[in-house]
Amino acid sequence: MKSLLEKQDLDSILDRLDRLQADSPRQWGTMMNPNHMLVHCASVMEMASGRINPPQSWLGKIIGQLVKGIFTNNMNLKRNVPTIDEFRQNTTDNGHDFEEARARLRQEILDFHNKGRSGITPALHPFFGKLKPEEWADGMYKHLDHHFRQFGV
């Protein structure tokens with residue numbers, strides 16, 4: 001399992017982040033462009049670090065723990081997986097410069113890695129509920145991988 005706590009996996013993600021371009025073509029989905037994706041991913045990293053804490057969704061309360069294996073196994077996330085409302089980005093103009101958004105995401109990823117397990121939120125994931133630090137770290141790698149594949153990097 002790949003994890004943002006592992007140096008080689010961190011380096012791989014940062015390399016892919018560097019290869020992303022503002023005009024990288026979307027391979028699937030309809031709502032995000034590369035800039036939107038960067039802002040979205042930075043917000044999700046803030047959640048994993050505990051700086052923002054969206055409430056657990058009603059659907060997550062019902063089935064989140066049952067389907068947690070999707071988030072914590074070695075399989076890639078499927079294309080067109082719905083995004084929780086708190087992390088949807090405005091699809092017309094999110095007001096962020098691409099390079100600023102890239103720098104923000106890079107810093108969020110590095111902060112998450114550098115703080116290690118002690119810097120990971122004890123709060124509930126808004127869909128999956130209670131996660132161990134290792135599950136958060138694996139899931140954040142998987143989430144970034146999903147969106148980087150979405151834009152061909």
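A contact here means heavy atoms within 4.5 Å. By that criterion, 86% of the contacts between residues at least 6 apart in sequence join residues at least 24 apart. The model is predicted.

## Overall build

The protein chain holds six helices and zero strands. Its pattern along the sequence reads α-α-α-α-α-α. Of its 153 residues, 48% are buried. The accessible surface of the chain is about 8,000 Å², with 52% of that belonging to carbon and sulfur atoms.

## The core

The largest nonpolar core contains 34 residues. Leu 4, Leu 105, Ile 109, Phe 112 and Leu 144 have the most contacts inside this core. Helices H1 (7-19), H2 (34-48), H5 and H6 each supply at least two of its residues. H2 gives the most, with nine residues. In soluble globular proteins, nonpolar side chains tend to be buried together.

Leu 105 shows how the core is joined up. Setting aside neighbours within four places in sequence, Leu 105 is in contact with Leu 17, Leu 38, Cys 41, Ala 42, Met 45, Leu 144 and Phe 148. One of these partners, Leu 144, is also among the residues with the most contacts inside the core.

## Three sites

The table places three further residues.

| Residue | Place | Exposure |
|---|---|---|
| Ala 123 | loop between H5 (98-115) and H6 (133-150) | partly exposed, 23% relative accessibility |
| Ile 62 | helix H3 (residues 58-64) | exposed, 56% relative accessibility |
| Asp 138 | helix H6 | buried |

Start with the loop. Ala 123 counts as partly exposed because its relative accessibility is 23%, and the buried class requires a value under 20%. Ala 123 touches Asn 53 and Trp 136, not counting residues up to four places away in sequence. Gly 50 lies 73 residues from Ala 123 in sequence, yet their C-alpha atoms are 7.0 Å apart.

Ile 62 is a different case. At 56% relative accessibility, Ile 62 counts as exposed, since that class begins over 50%. Ile 62 also belongs to a nonpolar surface patch of about 570 Å². Trp 58, Leu 59, Ile 63 and Leu 66 make up the patch with Ile 62.

Which side chain of opposite charge is nearest to Asp 138? That side chain is Arg 117, at 7.5 Å. Asp 138 is buried yet has no salt bridge; a salt bridge needs a nitrogen-to-oxygen approach within 4 Å. Not counting residues up to four places away in sequence, Asp 138 touches Met 1, Lys 2 and Ser 3.

Notes
Residues numbered from 1 in each chain as written. Predicted model: local features only at pLDDT ≥ 70, side-chain atom pairs only at ≥ 80, totals over all residues. Heavy atoms only, no water. Helix = DSSP H or I, 4+ residues; strand = E, 2+ residues; numbered from the N terminus. Buried < 20%, exposed > 50% of the residue type's maximum accessible area, 1.4 Å probe, protein only. Lys, Arg positive; Asp, Glu negative; His and termini not counted. Core = buried A, V, L, I, M, F, W, Y, C linked by side-chain atoms within 4.5 Å. Patch = residues over 30% accessible without salt bridge, like charges linked within 9 Å, V, L, I, M, F, W, Y side chains within 5 Å. Areas by Shrake-Rupley, 256 points an atom, 1.4 Å probe, with all protein chains shown as cover.
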